[in-house]
Amino acid sequence: MACHNALSTPAGEDVSIGSAWRASMMANSGRDPYWQASVRREVLERPRARAAIEDECTTCHMPMMRYQARAEGRHGEVLSRLPLGRAAEPEDLLAADGVGCTLCHQMLDAKLGTPESFNGGFVVDSVRPRGERVVFGPYVIDRGRETIMRSSSDFRPTQGLHIRRSELCATCHTLYTDALDANGKPIGRFPEQVPFLEWQHSSYVEEQSCQSCHMPVVADSIAISGVWGQARPQLARHDFRGGNFFMLNMLNRYRAELGVAALPGEMDAAARRTVEFLQSQTARVQVENVRLSGGRLLADVVVRNLTGHKLPTAYPSRRAWLHVTVRDLGGAVVFESGRVGEDGAIAGNDNDANPFAYEPHYAEIGRADQVQIYESVMADTAGRVTTGLLSAVRYLKDNRLLPTGFDKRSAAPDIAVLGGAAADADFTGGADRVRYTVDVSRGAAPFRVEAELWYQPIGFRWAKNLGRHQADEIARFTRYYSAMANASAVMLARDEGR
């Protein structure tokens, strides 16, 4: 499917499909240095299972290369293809391009939404000869435009409304990991990331699809095929707005080492769009019921999830947390919980200080070393906290903010609320309410409560734990993270009250 690079609305708004895709995490999924370092870590810990690990990891990060390899009876490979961009073999180019246009648009309406389709279980026609294979889009295609596209791309464009269904996205964004022991023997199956299942258990299942948020439509009708194009309504933007602004900035900063093809300005624009998306469409914070009682200040902080899945969702390295500050009449800080440091660590967070501990869920906070962190914490077979995906067999904690309509009492085990949030009556579908009780006896009234919700795509401990292993990919990523840690988090929402 051709990716055009010079589209604009009548109002002059740039909606370029090709440049948006080039600068997306989809196109750069194979170049992701954190993913590459993580694959190396898992292989170092389980060298006998290298082939199986790399094949599984290429399913979503290098799916075009992996699908081609599987069609020929081979496994997908990662480490032998690094660094990306050094070779010009067809499969190396497919690996470097990550998730391409023709992958999603070739997916058949088969098995979609079923467990069989998860873990990259999509179906692509590999039987028809070149020149006869179909690519799907949401529009009816006339004979003339079909002829033009077949002559330029070898694909036959066909209307397929399944391209706009959440079930299509679910094939790669519903991922179960097979945990392995040191010898590569399976020891458990783990729901690594299941945003589609979270969405199904929310009220959004009847209201919005994955595409409606992550590929919002252009307001005007627009031609998508240059001078021969027909104006089409509801054209979806192909910028795939997600949550990983940090990796987009990292890819741009170290573009030469990582072989990034998108232009610097395109990557910068993608990172900005991601932050704007996060700050406008993910959460709201409100400070309520501020009052004094016996030398203590009491305040409620309410966090609302505006997304159609848990917040944060997907890869478990992601976390959001409350940074709450109380200031007195003169502006002096009399209480602070959740400050993030220059190294990306959160002050008071047990897990950032100790890899084998974690911060519990709180219904009430009264000390500076207590922090409300919305996260999923993984455990190995011994019940120890781990950041190794192939060591994880269950979650110890999952208090990520629930979408509206999510009933935690009836949630299936794979999307369950775990830890203290399960029994917290104020942790409900759509919101969480946290009571802060602060000693202000040494300050001067009136007091101001400032509440911020912060978000980090790669938590401090997830990056730090990689450093235990010696390998080029790991050393490279930890170097990148250290240099950029002070920009690893972004504030999503803010409010204050007196």
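1. Let's start at N289, which is partly exposed, with a relative accessible area of 45% (buried is under 20%, exposed over 50%, and partly exposed in between, using a 1.4 Å probe and protein chains only). N289 sits in strand β7, residues 283-293. Helices and strands here are DSSP runs numbered from the N terminus (helices are H or I with at least four residues, strands are E with at least two). The phi of N289 is near 55°, a positive value in a residue that is not glycine.

2. Some ground rules before you read on. This is a predicted model, in which local features need pLDDT of at least 70 and side-chain atom pairs count only at pLDDT 80 or more, while totals for chains, interfaces and linings use all residues. Residues are numbered from 1 along each chain as its sequence is written, and side-chain values use heavy atoms, with hydrogens and water left out.

3. Have a look at K111 too. Although K111 is not a glycine, its phi is positive, at about 70°. K111 belongs to the loop between α6 and β1, and at 31% relative accessibility it counts as partly exposed. For background, most residues other than glycine have a negative phi, and most peptide bonds are trans.

4. Where are the cis peptide bonds? One joins L82 and P83, with omega about -5°, and P83 is in the loop between α4 and α5. Another runs from A445 to P446, where omega is near 0°. That proline, P446, lies in the loop between β17 (431-439) and β18 (448-456).

5. P83 turns up again when you look for empty space. The whole structure has 2 cavities of 30 Å³ or more (a cavity is a set of points on a 1 Å grid over the protein atoms alone where a 1.4 Å probe fits but cannot get out; lining residues have an atom within 4 Å of a point). The second largest has a volume of about 40 Å³ (volume is the space filled by probe spheres set on the points, joined across faces, edges and corners). P83 lines this second largest cavity together with R31, Q36, L84, E257, L258 and R476.

6. The largest cavity holds about 120 Å³ of space. Of its 17 lining residues, N351, E375, S376, V377 and W462 lie nearest the centre. The elements that give two or more residues to that lining are α14 (350-353), β13 (376-379), β14 (385-386) and α15 (460-466). Which of them gives the most? β13 does, with 3 residues.

7. β13 is worth following further. In an open sheet of 3 strands with antiparallel pairing, the order is β14-β13-β15 (two strands pair if DSSP finds at least two bridges between them). β14 and β15 (394-398) are at the edges with a single partner strand each, so one side of each has no neighbour in the sheet. Between β13 and β14 the antiparallel pairing covers 2 bridges, and A379 has V385 in β14 as its bridge partner.

8. For another antiparallel pair, try strands β9 (residues 319-327) and β10 (residues 333-337), joined by 4 bridges. R327 has V333 in β10 as its bridge partner. The two strands make a hairpin with 5 residues between them, and G331 in the turn takes a positive phi of about 90°.

9. β1 and β2 give you a parallel case: 4 bridges join β1 to β2, residues 156-159. V134 is opposite R156 in β2. Is strand β1 (residues 134-137) covered on one face or both faces? Both: V134 and F136 are buried on one side, and V135 and G137 are buried on the other.

10. Back towards the start of the chain, helix α4 spans residues 63-71, and P63, M64, M65, R66 and A69 in it are buried. What do these buried residues pack against? Their partners are α3 (50-61), α5 (90-96) and α6 (101-106). Just past α4, G73 has a positive phi of about 80°.

11. Last stop: P195, in helix α9, residues 195-200. At 12% relative accessibility, P195 counts as buried. Apart from neighbours within four places in sequence, P195 is in contact with H173, H309, T313 and A314 (contact means heavy atoms within 4.5 Å). As for R40, which is 155 residues from P195 along the chain, the C-alpha atoms of the two are separated by 26 Å.

Methods: 1 Å grid on protein atoms, 1.4 Å probe; cavity = no way out; pocket = protein on both sides within 12 Å on 5 of 7 lines; lining within 4 Å.
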